[in-house]
Amino acid sequence: MMKIGIIGATGRVGSAILNEAEARGHKVTALVRNADKAKEMFGADAAILEKDALAFDATDLNQFDVVVDAFASSKAYQHLDLATKLISLFRNNKQTRLMFIVGSSSLKKPDGTRMLDDVLKMFANEPWVATPIQQVHELEFLQWVDNVNWSAISPQVNFEPGEKTQYRLGTDEVMENKAGKQAVSFGNFAGALVDELETPQHKQQRFTVVDD
């Protein structure tokens, strides 16, 4: 049994991860900004720590074997802000593992270009484009870090509600399921993430998952 803290546990992805980890017998704490919302979602007896994500400190987080960053914000730069803060808190810490969720725009197509290049061509003027840009920066930052036990996981292009079935893993590439769709369900994503926590295979690496 691991002690797992999930930042952003009330989000769609964070809640899928929390439910998957609890179903496997791990002790999970929801690290959230709104405790009432978390109680409504997970029950009055759920373990909850209420605090703004960027206000968490070492005292809050050192109790966990794993901290999962499932944070989402309308202020795109805060994704990188939180990643850099978490890394700073756990420099040379050999006890706690950090798991980051970074978007699919950092995945590479067969020609070696990133999905972000296509996103910028098609949606350059859309305000939401700032988030995939910042998440690419987040991954680039993590890849410089060699004294923290971190991993990162990316969904495929289509990240959709759905139950856990069967999935396949990759590293940095866009992948297709048997139907030719670049898709992964929340359930399979959560399953792959918790599998990685239980049996680490990607220390200081990013990996990705696709529905089978």
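Does N92 count as buried or exposed, and at what relative accessibility? In this predicted model, N92 counts as exposed because its relative accessibility is 59%, and the cut-off for that label is over 50%. The residue lies in the loop between helix 4 and strand 5. Its backbone is a bit unusual too: N92 has a positive phi of about 60°, although it is not a glycine. For context, most residues other than glycine have a negative phi.

Q204 makes a good companion case. Here again phi is positive, at about 55°, and Q204 is not a glycine. Q204 sits in the loop between helix 7 and strand 10. With 29% relative accessibility, Q204 counts as partly exposed. Leaving out residues up to four places away in sequence, Q204 touches V145, D146, N147, V148, W150 and S151. One of these partners, V145, is 59 residues away from Q204 along the chain, yet the two C-alpha atoms are separated by 7.7 Å. A positive phi also turns up just after helix 1, where G25 takes a value of about 90°.

Now for the inside of the protein. The largest nonpolar core has 29 residues, and I6, V68, I153 and L193 are the ones with the most contacts inside it. At least two residues apiece come from strand 1 (3–7), helix 1, strand 2, strand 4 (66–69), strand 5 (97–101), helix 7 (186–198) and strand 10 (206–211). Helix 7 supplies the largest share of this core, with seven residues. Another core, of 22 residues, lies apart from it and includes I7, V67, I87 and V102. As for V68, its contacts are I4, G5, I6, I7, I17, M99, L193 and L197, again not counting residues up to four places away in sequence.

Helix 7 itself is mostly covered, with eleven of its 13 residues buried. The buried set is F186, G187, N188, F189, A190, G191, A192, L193, V194, E196 and L197. The length of helix 7 works out as well: at 1.5 Å a residue its 13 residues should span 18 Å, and the end C-alpha atoms are 18 Å apart, so the two agree.

Helix 1 passes the same kind of check. Its twelve residues should span 16 Å at 1.5 Å a residue, and the 17 Å between its end C-alpha atoms agrees with that. In helix 1 the buried residues are V13, G14, S15, A16, I17, L18, E20 and A21.

Helix 6 deserves a closer look. Its 13 residues should span 18 Å at 1.5 Å a residue, which agrees with end C-alpha atoms 18 Å apart. P132, Q134, Q135, V136, E138, L139 and L142 are the buried residues of helix 6. These buried residues pack against strand 4, helix 4, strand 5, helix 5, strand 6 (150–154) and strand 10.

Two residues of helix 6 can be set side by side. Q134 lies in this helix, and its relative accessible area of 18% makes it buried, because the cut-off is under 20%. Setting aside neighbours within four places in sequence, Q134 is in contact with A76, Y77 and L80. H137 lies in helix 6 as well, but with a relative accessible area of 35% it is partly exposed. L80 comes up again here: the C-alpha atoms of H137 and L80 are separated by 7.1 Å, although the residues are 57 apart along the chain.

What about open space? The largest pocket has a volume of about 1200 Å³. Of the 46 residues that line this pocket, A70, F71, A72, S73 and H79 are the closest to its centre. Helix 1 (12–23), strand 2 (27–32), helix 4 (77–89), helix 5 (115–123) and helix 6 (130–142) are the elements that give two or more residues to the lining. By residue type, the lining of the largest pocket divides into 23 nonpolar, 14 polar and nine charged residues.

Terms used
Residues numbered from 1 in each chain as written. Predicted model: local features only at pLDDT ≥ 70, side-chain atom pairs only at ≥ 80, totals over all residues. Heavy atoms only, no water. 1 Å grid on protein atoms, 1.4 Å probe; cavity = no way out; pocket = protein on both sides within 12 Å on 5 of 7 lines; lining within 4 Å. Points joined across faces, edges and corners; volume = space filled by probe spheres on them. Helix = DSSP H or I, 4+ residues; strand = E, 2+ residues; numbered from the N terminus. Nonpolar A, V, L, I, M, F, W, Y, C, P; charged D, E, K, R; others polar. Core = buried A, V, L, I, M, F, W, Y, C linked by side-chain atoms within 4.5 Å. Buried < 20%, exposed > 50% of the residue type's maximum accessible area, 1.4 Å probe, protein only. Contact = heavy atoms within 4.5 Å. Expected span 1.5 Å × (residues − 1).
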